Amino acid sequence: MSEYQPFIPSDPDVRLVGATPHVQPRTWSGPARALIHAGTGTWRVTGTAGSGVSSVVIDTVIERIRQGWDPSSMLIVAASKEAAGRLRREISELVSGLDYVSDGPMVRSVHSLAFALIRDSSDEDVRLITGAEQDAVIRELLRGQADDGRGGWPPEQREGLRMVGFARQLRDFLLRAVERGIGPDDLVGYGQQFNRPNWVAAGEFLREYKQIMNLAGTHSYSASELVTGALTGPEPRITYRGVFVDDAQHLDPKSSELISRFIPSAELTVIAGDPEQSIFHFRGANPDFLIDFGADHTIHLEESFRRPSISITVPETGSAHNDVLADTVRREHLLGDLAWSDIAVIVRSAGMIAPVRRVLLAAGVPVHISPTDVVLSEQRIVAAMILGLRALTEDLTPLELEDLLLGPIGGADPVTLRRLLRGLRQAEMKAGGHRRAIEVLRALLIDDADDELLAFLTQRELELLDRVRSVLHAGREAMGGSIEEVLWAVWSTTKLSDHLSASSLRGGAAGSQADRDLDAMMALFDAAGDYVERRPTAGIRNFILHISEQELPTGVRERRGVSPEAVTVTTAHSTTGREWKYVIVAEVQEGSWPSLGETGTLLGQEELIDLIDEDIDPDTIISRSVDRLAEERRLFHVATSRATVQLLVTAVNAPESDEVREPSRFIDELAETHGVAIDHVEGEGDATLTEPEALGHRLLSVPALVAELRRTVADPGELGSRRRQAARQLNRLATAGIPGADPAEWLALREPSTDAELVPPGQVRLSPSRIEALMNCPLRAVLDRLDSEDETPIAMLRGTLVHAFAEAVARGADAVRATEMITEAYMDLANVPSWSHKITEDAFRRTLDRTHTWLLTSRATFELVGIETEVSVNLSDEVSISGRMDRLERNASGELVVVDLKTGRQAAVQKEMGEHAQLSAYQLALSRGVLHGDRIEDPLSGETPEPVGGGVLVYPAHEAKGITTRDQAPKSQEELDEFAALLPELAHLRRGPNLLARVNPSCGNCPVKSLCPVQPEGRLIHA
Ligand code: SF4
């Protein structure tokens, strides 16, 4: 499926329209009405999901504003920043007609409240560091401890200090401790008391961490430290008339304690929530505060306003599931008249968001992902900018240089890049240079262009080069300035902001991607600003490292007043307090939902929490799976209670597939509770469901529709009227610019660009290695060469260098020196990642050693006749054999033996050596030609070929005790004639222009499989 890219005008007409109000005023009766209009004292409001618990809180606040309360005399607390944003938006919408002034944010998260309290009571500068920043500091400190052997970690854990996973677990462990007011000394104390050396080490680590953070000048608090920081400060000076807490089941004990400080002086307190939606136990939250709060009045709202109809669909394959997902979303938008933003897809974990996003984008659905679910450095646009910044300060590897040109900065397609490299290589050769094309490119990006070099490039290639050069040039010019200035210079020169803004305004799938890119860039500039503020003297390299090392979502500053017009894809945990008209809870699989794995096992996080909260000895073995299952069930309940109109729950049922997938037990429970039948959808293998019947209706996405219309038009078995109708619809789609609808784009209808033969008229010269490839598959033999023409794969590079070594040593070069020089060249060019540097170098040295050993030991059997001996022997008017033998030797009987060095790791099977085409071809050439100097040529009159003693393959890279060789016995005259008789046919196949695709055992690793008409991947779709 291709991603639909609508046409984006460069200067779109923009019309501003007023936001549509989402919230209608509500009316209440009974105790809720009493609370809203005249309640005083303390109230607890609970109720099932969708029963209006949050609405009671909001309406009480609004009624108090209406009654003249000063908004700043009310403390409204939400469990998270996102929830606070949503409550704030709703309150703002409902009070927009009222006359009021507020001098502070109307709704706060607990952390924002704690931060404000600390700031008010402290004279020093305080700042909040993000989870991502904290993560980076922890990793840096851990690396330091690993390097210096410090830290007191148990030996079995010391190995893991550099690992991201270890840092992550340590961070969570410390968060849970700090949230509970546990400091370094307490942790060390617990560790000693209960013989847990890693708790002692974690305590010491926390001490070092705090010292480092204090050194930064300002007092930096992480989110977990804020609440305990505020609690240890003086009693707050401020009091509130009203205290309102929404979703109180998500509070941890310390947050509850902080809020409790404001209750005694308040005229009205409302603590609201639903214990059944308590799903953050892993973060230390529990519903105790909500349940145990000693309220004067209690309201329980029984009836949910959300009464969606429920359906459950269980496809049999992953791709059928994806089709159901894309089809449902598109259908609801196009036919069900729902706005994209009325639809949400909910998944169990953050890792499942990206695949769902891809599926929806491919079907032309705009997708919104909460920034709290995304890691900044993993954003496509951020990664490109960071690469651009790196290009200013360091040498990029060849692969990174290509990425720079192919990514958003260069904007090149692979074909243009390839042409550019080819042009540069030709120019370099013409100028007598020996640099690789990518190195020429690197030089061009740094220095002024050489006009002679540029003359080899087309306009398009020049534009690409200019674009990247100007971005890097602007960056370099700005290098004396601040990090933000450099980043701005690079970003503004790319001119991507105009393009992305236009695309974003246009909406749709491309628009949602553009939105995401723009948000990510804002977050990157925010991060740069924060970084400069915190470390004013740090350079650009440190900033690059700081961003690249972030492994956690940073969160983006709340700037949007409205939610984007796109389908929300989010995790179940992020859906609390939210609702949509249509909700799909996707891929509810056994094994992932419920997820019963323990959290923080490395450091015993759960034991620590139980010790602090419940005073349970950490050595007591207790089962937590019952609690965990209950929490997972509550999470599923939260996810399935977000829909107001329609809920669809999906899972894949593929018990027979390689990766066994079964629907979660929760699906059956849901079906049973609501009396819903499970709809099973069939799907074949991993093939996409393109047949309309398979879904009971047509898959409603642009690519699927175009495919169906094309199939109908081209099917002679279809009714004429249907074909005509399909043609009319295709015409409409083509006029609207839909890709694939215009027959001019249909590959099968295109005429070949040429019918010229691939080789000039006359004799076809076949090289022995080509003969073998042609025998296997003529199509691959020809295309393979084109495919690898521009790049030198590492295997080919290794082969070339080992051959060069063998030749140099045979010609008398010093083996030790040759080994050093060639190894150095290999490691220079191979561009392997640093972690595999040593292994790669050792393996390469071993190959050279074995080659040298064979050269020495084989002298007992052979006498050298020639190195890199050229072969050019005519077999007939139609075909000749031409090539180069690695070595030509003479055996003890005086016969010529051809030797070929093979640098692959797999050796041929000795039993099959009789059929080895390359050696057979050399034997044939030797049997028909004679040695003239260092060439095997046609015999002159009176000359007769020398006897041939067979051939040998030598495998120096094959890991075996000795050196692996494979022999081909001398061929008889009949055998050689038989072989020669095959060659005219091969010459014919080589000549083209039609090439034969022959299925053979090596198809599995064929690099041109996607072009091959006999493979499913490359099969031509007729019309
Ligand atoms: S996939 Fe097989 S048949 Fe097709 S080109 Fe490659 S080797 Fe030939």
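## Around the ligand

In this predicted model, the ligand is surrounded by C777, L779, R780, R998, V999, N1000, C1003, C1006, C1012, V1014 and Q1015. Sort that shell by character and you get 7 nonpolar, 2 polar and 2 charged residues. As for the space the ligand takes up, it ranks as the second largest cavity.

## Two helix pairs

Two packed helices are described by the angle between their axes and the distance between the axes. Take helix α13 (residues 318–334) and helix α14 (residues 353–362): their axes come within 9 Å and cross at roughly 55°. Angles that are neither under 35 degrees, over 145, nor 65 to 115 count as oblique, and α13 and α14 are therefore oblique to each other. Their crossing is right-handed.

Further along there's helix α16 (residues 398–406) with helix α18 (residues 437–446), whose axes come within 10 Å and cross at roughly 60°. That angle makes α16 oblique to α18 as well. Here, though, the crossing of α16 and α18 is left-handed.

## Backbone oddities

Most residues other than glycine have a negative phi, and most peptide bonds are trans. So which residues does a cis peptide bond join, with omega about 10°? W593 and P594 are the pair, and P594 sits in the loop between β13 (580–585) and α25 (605–614). The loop between β13 and α25 also holds E587, a residue other than glycine with a positive phi, near 50°.

Another cis peptide bond links G992 to P993, with omega about 5°. You'll find P993 in the segment after α37 (973–991).

Conventions:
Residues are numbered from 1 along each chain as its sequence is written. This is a predicted model: local features need pLDDT of at least 70, side-chain atom pairs count only at pLDDT 80 or more; totals for chains, interfaces and linings use all residues. Side-chain values use heavy atoms; hydrogens and water are left out. A residue is near a molecule or strand if one of its heavy atoms lies within 4 Å of it. On a 1 Å grid over the protein atoms alone, a cavity is a set of points where a 1.4 Å probe fits but cannot get out, and a pocket is an open set with protein on both sides within 12 Å along at least five of seven lines; lining residues have an atom within 4 Å of a point. A molecule sits in a cavity or pocket if more than half of its atoms lie within 2 Å of its grid points. Ala, Val, Leu, Ile, Met, Phe, Trp, Tyr, Cys and Pro count as nonpolar, Asp, Glu, Lys and Arg as charged, and the others, Gly among them, as polar. Axes are lines fitted to C-alpha atoms, for helices over the stretch in contact, and angles run from 0 to 180 degrees between N-to-C directions. Helices (H or I, at least four residues) and strands (E, at least two) are DSSP runs, numbered from the N terminus. A crossing is left-handed if the near helix is turned anticlockwise from the far one by less than a right angle, and right-handed if clockwise.
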